[in-house]
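Me: Please take a close look at one part of this model for me, beginning with charged side chains. After that, I would be glad if you followed the chain into its surroundings.

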Amino acid sequence: GRDSVIVYPPVDVKKFLFKKFGDFYLSAGRLDKIKRVDLIVKAFQKMPDKKLVVASGGPELENIKVLARGFKNITVLGWTSDEKLRELMGSCRATLYMSENEDFGMTPVESMACGKPCIATDFGGMKETIVHKKTGLLIPGTVDDIINAVQWFTLERCKAMKTACQKQAKKFSEEEHVKGMKRILEKFKRKS
């Protein structure tokens, strides 16, 4: 029964820069069951003409490596340096983020800061950060949904979304976070 003001977590969007539109898709979410990276890998198993790079680690790393084994189009790097992650994100075609019940999700915002659209689940925070068909696609998150979304993302569609992605990411920047906190503090001062 109380009013609330939302201030999103700060994302250092200035560190994430566009490099090029490469020929691979990127999954950079932590390898945990709730992140559902296994669904992404299973989808790319059915798309041998599409490349996937998984650049993260976590408790599901070994399971993800087993799923990817024997598929030449899927590369599992494990944890990478921040610099390598920014290079991959800046050079991919688009990113995928299938997490459920995510409050916010920084990976899609980092992706958009690079001018890259994100295919994400239509749950939680992604509904607030991603603009459907403008800065990415929001999908239920089955293997078939992922395949359809990847097929939908032609190079031309990705290029057309670049500017909108970068503009959207700025809404979640450190500067916007500070402005939001200052607004709350000013409002609090006026009430007391």
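Reply: Aspartate 12 is a good place to begin: in this predicted model, aspartate 12 is partly exposed, with a relative accessible area of 24%. Its side chain meets that of lysine 15 in a salt bridge, with 3.8 Å from N to O. Lysine 15 is partly exposed as well, at a relative accessible area of 46%. Side chains of opposite charge can pair when their charged atoms come close. The structure holds seven salt bridges, and two others are worth visiting here.

One of them links aspartate 32 to arginine 30, whose closest N and O atoms are 3.6 Å apart. Aspartate 32 counts as partly exposed at 25% relative accessibility, and arginine 30 counts as partly exposed at 39%.

The other joins lysine 42 to aspartate 38, with the closest N and O atoms 3.8 Å apart. What places these two side chains for a meeting? Lysine 42 and aspartate 38 are four residues apart in helix α1, so about one helical turn separates them. An α-helix has 3.6 residues a turn, so residues three or four places apart point the same way. Lysine 42 has a relative accessible area of 32% and is partly exposed; aspartate 38, at 28%, is partly exposed too.

From aspartate 32 we can step across to another acidic residue. Glutamate 60 touches Leu31, Asp32 and Lys33, leaving aside residues up to four places away in sequence. Glutamate 60 sits in the loop between β2 and α2, and at 15% relative accessibility it counts as buried.

Arginine 36 deserves a pause as well. You will find arginine 36 in the loop between β1 and α1, buried, with a relative accessible area of 14%. Its backbone has a positive phi of about 55°, although arginine 36 is not a glycine. Most residues other than glycine have a negative phi. Lysine 133 is another case, with a positive phi of about 65° although it is not a glycine. Lysine 133 lies in the loop between α5 (126–129) and β6.

These loops lead us to the sheet. Six strands form an open sheet in the order β3-β2-β1-β4-β5-β6, with parallel pairing. Its edge strands are β3 (74–76) and β6, each of which pairs on one side only. From one strand to the next, the twist averages 20°.

Let us walk along the sheet, starting with β3. Strands β2 and β3 pair in the parallel sense over three bridges, and valine 53 stands opposite threonine 75 in β3. Together with α2, these two strands make a right-handed β-α-β unit. Helix α2 (residues 61–68) lies across β2 (51–54) and β3, running at about 155° to β3.

Next comes the pairing of β1 with β2, parallel again and held over four bridges. Valine 53 returns here: in β2, it is the bridge partner of leucine 26. The chain passes from β1 through α1 to β2, and this β-α-β crossover is right-handed. Helix α1 is thus met again, after the salt bridge between lysine 42 and aspartate 38 within it.

Strand β1 is also joined to β4 by three bridges, and the two run parallel. Here serine 27 stands opposite leucine 96 in β4.

At the other edge, four bridges join β5 to β6, which run parallel, and cysteine 118 stands opposite glycine 136 in β6. In a regular strand the side chains alternate between the two faces of the sheet. In β6, Gly136 and Leu138 point one way while Leu137 and Ile139 point the other way, and all are buried.

Where does the sheet meet helix α6? Among the elements covering the buried residues of α6 are β1 (24–27), α1 (37–45), β4 (94–97), β5 (118–121) and β6 (136–139). In α6 (residues 143–152), the buried residues are Val143, Asp145, Ile146, Ile147, Ala149 and Val150. An acidic residue, Asp145, is therefore listed among the buried positions of α6, whereas aspartate 12, where we began, is partly exposed.

Notes
Residues numbered from 1 in each chain as written. Predicted model: local features only at pLDDT ≥ 70, side-chain atom pairs only at ≥ 80, totals over all residues. Heavy atoms only, no water. Buried < 20%, exposed > 50% of the residue type's maximum accessible area, 1.4 Å probe, protein only. Contact = heavy atoms within 4.5 Å. Pairing = 2+ DSSP bridges. Axes fitted to C-alpha atoms, helices over the stretch in contact; angles between N-to-C directions. Right-handed = clockwise from strand over helix to strand, strands pointing away. Salt bridge = Lys/Arg side-chain N within 4 Å of Asp/Glu carboxyl O.
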